[in-house]
Amino acid sequence: RHEVHVGTVAEALAPVGTTLESSFSTEALNLALGQTYSWRVDEVNDAMDPSTWTGDVWSFTTVAAISVDDMERYKDEALLEPWATWIDGFDVPTNGALIGNGATGSPETVIVHGGSQSLPLLYDNVAAALSEATRTFDAPMDWTRHGVGSLVIYFQGSSTNTGGSLYVKINDTKIAYDGDASSLTRLGWNKWSILLAEVGANLSSVRSLTLGVDNGGQGVVYFDDIALTANGTRSLVTP
């Protein structure tokens, strides 16, 4: 059998499990984001003497963030359009949101934060009280594992926007953007870091995420690189 040892101190690795296969899942270990771990595999055969052969020590580093949506998978194909995932206010009189550019609702490929695409949300709060789009996850996400501390959202407004107030909803819990009110009418990407400990939603079963604008106004907001990070401090970064 293979005895697996994992830890953050190479000289003091703790046994975390055994396997008869050539792989070992770390899911149960709840490894933290952005952390370097050392690991070792000892080979064991109780029929021999000595019965244990100590393996070499290796290391790996976990990713710094868990992507919720980087907007890269959307395209102008059936069921892959951004509005097929982010359900907007099309044909809903009380919701003034439309997702995507032009008649096809395509993703944005020029105004991007990372990668090659972003998500445009056109909002019109003149006829409707609010404009929002909601993504419902195929399976609920657990945002309490791996030392997750913040939800990070990058967004950019437009100089032609006529006001409005940005917000998100985690499940049905609304969190209003409390940064500079002019962020929606200014060019440049804004980083909005939401401290999850202050949200109050059931973060162990996140079923949906909503992006929205209310409090009047018309225009467009671009969203990109929505992710979970280990940072547990409040952060607002304006361009």
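Let's start with a charged pair: in this predicted model, aspartate 214 and lysine 174 bring their side chains together in a salt bridge, 2.7 Å from N to O. Strand S15 holds aspartate 214 and strand S13 (residues 173-176) holds lysine 174, so the bridge ties together parts that sit 40 residues apart in sequence. The two ends don't see the same surroundings. Aspartate 214 has a relative accessible area of 16%, which puts it under the 20% cut-off, so it counts as buried. Lysine 174, at 44%, is partly exposed.

There's a small charged cluster as well: Arg1, Glu3 and Asp46 are joined into one network by salt bridges that share partners. The count of salt bridges comes to eight.

Another of these pairs is glutamate 27 with arginine 145, whose side chains meet at 3.3 Å, N to O. Here both partners sit in loops: glutamate 27 between strand S2 (14-19) and strand S3 (36-44), arginine 145 between S10 and S11, so the bridge ties together parts 118 residues apart in sequence. Glutamate 27 is partly exposed at 48% relative accessible area, and arginine 145 is partly exposed too, with a value of 22%.

Now for a pair with both ends out of reach of the probe's easier territory: arginine 135 and aspartate 69 are both buried. Their side chains form a salt bridge at 2.9 Å, N to O. Arginine 135 belongs to strand S10 and aspartate 69 to strand S6 (residues 65-69), so to speak two distant parts of the chain, 66 residues apart.From charges, we can move on to the greasy parts. In soluble globular proteins, nonpolar side chains tend to be buried together. The largest nonpolar core here has 37 residues, and Trp86, Trp143, Leu151, Ile170 and Phe223 are the ones that touch the most other members. Plenty of strands feed into this core: S8, S9, S10 (130-141), S11 (150-156), S12 (165-170), S14 (190-195), S15 (206-214) and S16 (218-229) each supply at least two residues. Apart from it lies another core, made of five residues, including Val152, Trp189, Val220 and Tyr222.

Leucine 151 is a handy place to look around inside the big core. This residue lies in strand S11, and its relative accessibility is 0%, so it counts as buried. Leaving out residues up to four places away in sequence, leucine 151 touches Val68, Trp143, Ile170, Trp192, Ser193, Ile194, Leu196, Leu209, Ile226, Ala227 and Leu228. Take valine 68 from that list: leucine 151 and valine 68 are 83 residues apart in sequence, while their C-alpha atoms are 9.0 Å apart in space.

Phenylalanine 223 is another of those core members with the most partners. Beyond its neighbours within four places in sequence, phenylalanine 223 is in contact with Met71, Ser118, Leu119, Leu121, Ile153, Tyr154, Phe155, Leu166, Trp189 and Leu211. Trp189 on that list is one of the residues of the five-residue core.

Serine 118, also a contact of phenylalanine 223, deserves its own stop. Serine 118 sits in the loop between strand S8 (97-99) and S9. Is this loop residue buried or exposed? Serine 118 is buried, because its relative accessible area is just 1%. Its side chain reaches the backbone oxygen of isoleucine 111 at 2.6 Å. Setting aside neighbours within four places in sequence, serine 118 contacts Met71, Pro107, Glu108, Ile111, Val112, Trp189, Tyr222, Phe223 and Asp224.

Step from that loop into strand S9 (residues 119-124) and you find leucine 122. Leucine 122 has a relative accessible area of 33%, so it is partly exposed. Together with Phe90 and Leu98, leucine 122 forms a nonpolar patch on the surface, with about 300 Å² of accessible area between the three.

To finish, go back to the start of the chain, where histidine 5 is found in strand S1 (residues 2-7). With 7% relative accessibility, histidine 5 counts as buried. The side chain of histidine 5 reaches the backbone oxygen of glutamate 3 at 3.4 Å, and Glu3 is one of the members of the salt-bridge network described earlier. Not counting neighbours within four places in sequence, histidine 5 is in contact with Leu13, Ala14, Pro15, Val16, Ser38, Trp39, Arg40 and Asp42.

Note on methods. Residues are numbered from 1 along each chain as its sequence is written. This is a predicted model: local features need pLDDT of at least 70, side-chain atom pairs count only at pLDDT 80 or more; totals for chains, interfaces and linings use all residues. Side-chain values use heavy atoms; hydrogens and water are left out. Patches are made of residues with over 30% relative accessible area and no salt bridge: like charges are joined within 9 Å, nonpolar side chains (Val, Leu, Ile, Met, Phe, Trp, Tyr) within 5 Å. Accessible areas come from the Shrake-Rupley method with a 1.4 Å probe; for residues, only the protein chains shown count as cover. A salt bridge is a side-chain nitrogen of Lys or Arg within 4 Å of a carboxyl oxygen of Asp or Glu. Helices (H or I, at least four residues) and strands (E, at least two) are DSSP runs, numbered from the N terminus. Buried means under 20% relative accessible area, exposed over 50%, partly exposed in between (1.4 Å probe, protein chains only). A polar contact is a pair of N or O atoms within 3.5 Å; within protein, one must be able to donate a hydrogen and the other to accept it, and residues adjacent in sequence count only if both atoms are side-chain atoms. Contact means heavy atoms within 4.5 Å. A nonpolar core is a set of buried Ala, Val, Leu, Ile, Met, Phe, Trp, Tyr and Cys residues joined through side-chain atoms within 4.5 Å.
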